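User: I am new to this structure and would be grateful for a close look at one part of it, namely the sheet that is shared between chains, together with its surroundings.

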Amino acid sequence: MDIIVLLKQVPSTESMIEIDGDGVSIKPDGIKWVINPYDEFAVEEALRIREVHGGSVTIVSAGREKAAEAIRTALAMGADKGVLVADPALENCDGLGTATVLAKAVKELPHELIIAGQRAVDDDNFLVGAAVAEKLGMPLISMVFKEEVKDGKITCHKTVDGGSVVVEAALPVLFTTQRGLNEPRYASLPGIMKAKKKPLDTKSLADLGVNPAEVGDPKTKVVGLKTPPERTAGQMIEGESATEKAAALVRVLHEEAKVI
Amino acid sequence: MPNMILAIAEQTDGQFRKVTYEALSEGKKIASANGFELVAVVLGSNVAESAEALAQYGADRIIVADSPGLADFSSAAYVEVLCGLVEKEAPELVLFGASVQGKELSACLAARCDAALATDCIAIAWENGAAKATRPMYGGKVLADVQLEGSARMVSLRPNAMAIVRSEGAGAIEKIEVSEVDPPVKLIEKNMETGKIDLTEADAVVSGGRGMGGADYAVIEQLAEVLGGAVGASRAAVDEGWRPHADQVGQTGKVVSPNLYVACGISGAIQHLAGMSSAKVIVAINKDPEAPIFMKSDYGVVGDLFELVPAITEEINKIKS
C-alpha cells in the first residue's frame with residue numbers, strides 16, 4: 001500500500017516563543033525545530049501499516065528549505081522517500097494555500113492512504129489535513145487514535161466531543177492523528193545513515209504547475225502578534241493545618257475572587 | 001436583503017452546546033452594531049422544535065436542515081448543506097464553536113468555499129467591513145491578530161471565551177430541503193460519556209499531575225463534582241496511563257479557559273501553562289514550594305494534595321449548605 005504522510009516542521013513545544021521586530025513573526029534564535037508532534041504519530045502509524053501491508057511511505061511537506069531536516073528525520077525513522085515543496089511564495093501563504101500546494105504534490109504520487117496531524121502545534125489551525133482531503137475529494141476521518149486497514153477498507157476509532165466513535169470507509173482516505181495512536185519510534189543510528197541516501201525531491205511551485213499568485217495572496221493573514229497578559233505569582237495561602245489552609249483558600253475564592 | 005451573519009449551531013439530541021449560545025451572542029453584537037441580520041443554522045434530525053429556542057439569543061431567522069441523514073455529524077453531509085447555504089445567503093461572516101466538530105466542519109467548509117478561516121478565536125473586531133480576529137498560537141504562548149478577507153469569512157470561537165447574552169430575536173423558522181447524500185464515512189459505533197461536562201466548556205477544571213502518584217483520582221473527582229466542573233490532567237499523568245488522552249490539558253492537549261483552574265500536584269511545565277493560563281483564576285496545590293506553577297497562579301497552597309484537596313471539598317460543601 002502506498003501511504004503519504006503530510007508533515008510540517010515546527011518549533012518544539014519546549015521552545016520559548018518571542019515576537020520579532022516586525023511584529024508578525026517569531027524570533028528564530030534559540031528555537032529547536034522538530035517534526036510537528038501530531039505528524040510524528042502519522043509517520044509512525046504509516047510505518048506500522050507498511051510493516052503489515054507492504055508498500056511505501058512518502059513524506060510530503062511544504063515550507064522552507066530548512067524543513068528538509070524534518071523530512072530526513074522521518075526518513076531516518078524508516079520512511080522511503082520525501083518531497084519538499086519549497087518556494088519563496090509559500091512564506092506568506094495561509095493554511096488553504098498550503099493545502100492547495102500539498103494537494104497538487106500528492107496528486108503526482110501514488111497513494112491509497114494519506115495521514116496528517118490533526119493540527120500543527122505552531123499555528124494550531126486544524127485546517128490543512130481537512131483542506132487537503134477536500135481539495136482531493138477524498139473522505140476525511142479526523143482525530144484518529146486507533147485504526148485498522150483490511151480488505152480495502154479502514155476502520156478508525158476517533159475522538160468526538162464527549163466521547164469517541166468508530167467509523168469505516170473504503171480507501172483511499174485521509175485521516176488525521178490524535179494522541180494515543182502510537183508511541184513514535186526514535187531514529188536509530190543505522191536509520192540515520194540510511195536516510196542520507198534516500199531520495200528527497202525538492203520542488204518549486206512552477207514544478208507543480210501552481211501559479212505563485214494563487215497562494216501568495218492569502219485571505220487569512222497574521223497582521224500582528226502580541227504576548228498574552230503575563231501571569232504573575234499571587235498570594236500564598238498560609239495555615240497551621242490542611243484544614244486551616246483549605247478554609248482560608250475557600251474564603252478568598254468565595255469572597256475575593258468570587259469564583260465559588 | 002441586508003448583510004448577514006450565519007451562526008452554525010451545534011446540538012446533540014436537541015441540546016445545544018454552550019459555545020453555540022456564545023457564538024450567537026457574539027454574532028448578535030456584531031450584527032446589531034452593523035445593521036446585519038443574524039441567522040442561526042441548525043442541522044440534525046427532529047431538531048425543528050428545539051431550534052426555536054435560539055431566538056432567545058438574538059437569531060432573526062433560524063434555518064433548519066432536518067433530515068435523518070444529518071442525525072449524526074458527518075462533515076461530508078454537513079458541508080454539502082452549508083456550502084449551498086453560503087452560496088445562497090452570501091453571508092459576511094460565518095461563526096462556529098471551536099469544538100472538535102466545529103473545527104472539522106469549519107476547515108472543510110472553508111476549503112470547499114475557498115473562504116478565509118480563523119480557528120479557535122477569542123475576539124472578533126468588525127470595523128467598516130474589515131474583519132480582524134484574535135487567536136492564540138503556539139499553544140497560547142502568543143496571541144495573533146488575523147485579518148480575514150473575501151466573502152463568507154469564517155471564524156470559530158474558543159469555548160468559554162465569549163459571554164452569553166440573551167436578547168430577543170424574531171427567530172422565524174425556515175426549513176430547507178436536504179438532498180440525501182450517501183456519506184463515504186460510515187458510523188459503526190458510538191461510545192459517549194454521558195453526563196460528563198466537557199473540559200473546554202467547564203466553568204471549573206480540577207487537574208491532577210505527577211503528584212497524584214497513581215490512577216486514583218477520587219479526591220480530584222470529588223472536588224470537580226462539588227464545583228460542578230471537569231477533571232483534567234497533565235501530560236505526565238496521561239503518559240503514565242492514569243487518565244485518558246482526552247483529559248490532557250496543555251499545548252499538545254486541550255486548551256481550557258474556565259473561571260477557576262485548580263492544579264494539583266502539577267509542577268507547571270511551559271506546555272501545561274500554555275494550556276491553562278487563560279483561566280480567570282488559577283489555584284496551585286503542590287508540596288514543593290519551589291514549583292514553577294506558583295509563579296503563574298493567583299493563589300498557591302503548599303502541602304500534601306491528598307490532605308488539602310478533600311479539606312477544600314469539605315469547606316466548599318459547608319458554604320453551599
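Analyst: The account below begins with the model as a whole, turns to the shared sheet, and then follows its surroundings.

This is a predicted model, in which local features need pLDDT of at least 70 and side-chain atom pairs count only at pLDDT 80 or more, while totals for chains, interfaces and linings use all residues. Residues are numbered from 1 along each chain as its sequence is written, and chains are lettered from A and ligands numbered from 1 in the order in which they are written.

Chain A holds 8 helices and 13 strands; here helices (H or I, at least four residues) and strands (E, at least two) are DSSP runs numbered from the N terminus. The C-alpha trace of chain A spans about 70 × 45 × 40 Å along its principal axes. Of its 260 residues, 48% count as buried. A residue is buried if 20 or more other C-beta atoms lie within 10 Å of its own, exposed if 12 or fewer, and partly exposed in between, with C-beta atoms placed from the backbone. Among contacts in chain A between residues at least 6 apart in sequence, 71% join residues at least 24 apart; two residues are in contact if their C-beta atoms, placed from the backbone, lie within 7 Å.

The shared sheet is open and has 4 strands in the order E12(A)-E10(B)-E9(B)-E8(B), with antiparallel pairing. Two strands pair if DSSP finds at least two bridges between them. Strand E12 (220–226) of chain A and strand E8 (123–127) of chain B stand at the edges, each with a single partner strand, so one side of each is left without a neighbour in the sheet. From one strand to the next, the twist averages 25°; the axes are lines fitted to C-alpha atoms, for helices over the stretch in contact, and angles run from 0 to 180 degrees between N-to-C directions.

At the junction of the chains, E12(A) runs antiparallel to strand E10 (residues 142–148) of chain B and is joined to it by 6 bridges. Within that pair, Lys221(A) stands opposite Gln147(B). At the other edge, E8(B) pairs with strand E9 (residues 130–137) of chain B in the antiparallel sense over 5 bridges, and Ala125(B) faces Lys132(B) of E9(B).

The contact between the chains can also be described by residue. In total, 74 residues of chain B are in contact with 65 residues of chain A. Helix H4 (residues 100–113) of chain B supplies the largest share of the side of chain B that touches chain A, with 9 residues. By class, that side has 36 nonpolar, 19 polar and 19 charged residues, where Ala, Val, Leu, Ile, Met, Phe, Trp, Tyr, Cys and Pro count as nonpolar, Asp, Glu, Lys and Arg as charged, and the others, Gly among them, as polar.

The edge strand E8 of chain B also belongs to the cover of a helix. Helix H1 (residues 18–34) of chain B has 17 residues and reaches 25 Å from its first C-alpha to its last, close to the 24 Å expected at 1.5 Å a residue, that span being 1.5 Å times one less than the number of residues. Its buried residues include Val19(B), Tyr21(B), Leu24(B) and Ala31(B). E8, strand E1 (4–8) and strand E11 (153–157) of chain B are among the elements that cover the buried residues of H1(B). Just after this helix, Gly35(B) takes a positive phi of about 65°.

Both chains also enter the largest nonpolar core. Of its 139 residues, Val5(A), Ala74(A), Leu102(A), Val132(A), Ala7(B) and Val41(B) touch the most other members; such a core is a set of buried Ala, Val, Leu, Ile, Met, Phe, Trp, Tyr and Cys residues joined through C-beta atoms within 7 Å. H4(B) gives the largest share of this core, 8 residues. Beyond its neighbours within four places in sequence, Val132(A) is in contact with residues including Leu6(A), Ala99(A) and Leu174(A). Another core, of 53 residues, lies apart from it, and among its residues are Leu253(A), Met212(B), Ala263(B) and Leu273(B).

Ala263(B) leads to a further strand. In strand E16 (residues 260–264) of chain B, 5 of the 5 residues are buried, so the strand is largely enclosed by the rest of the structure. Leu260(B), Val262(B) and Cys264(B) point one way from E16(B), and Tyr261(B) and Ala263(B) the other way. Strand E14 (residues 204–208) of chain B pairs with E16(B) in the parallel sense over 5 bridges.
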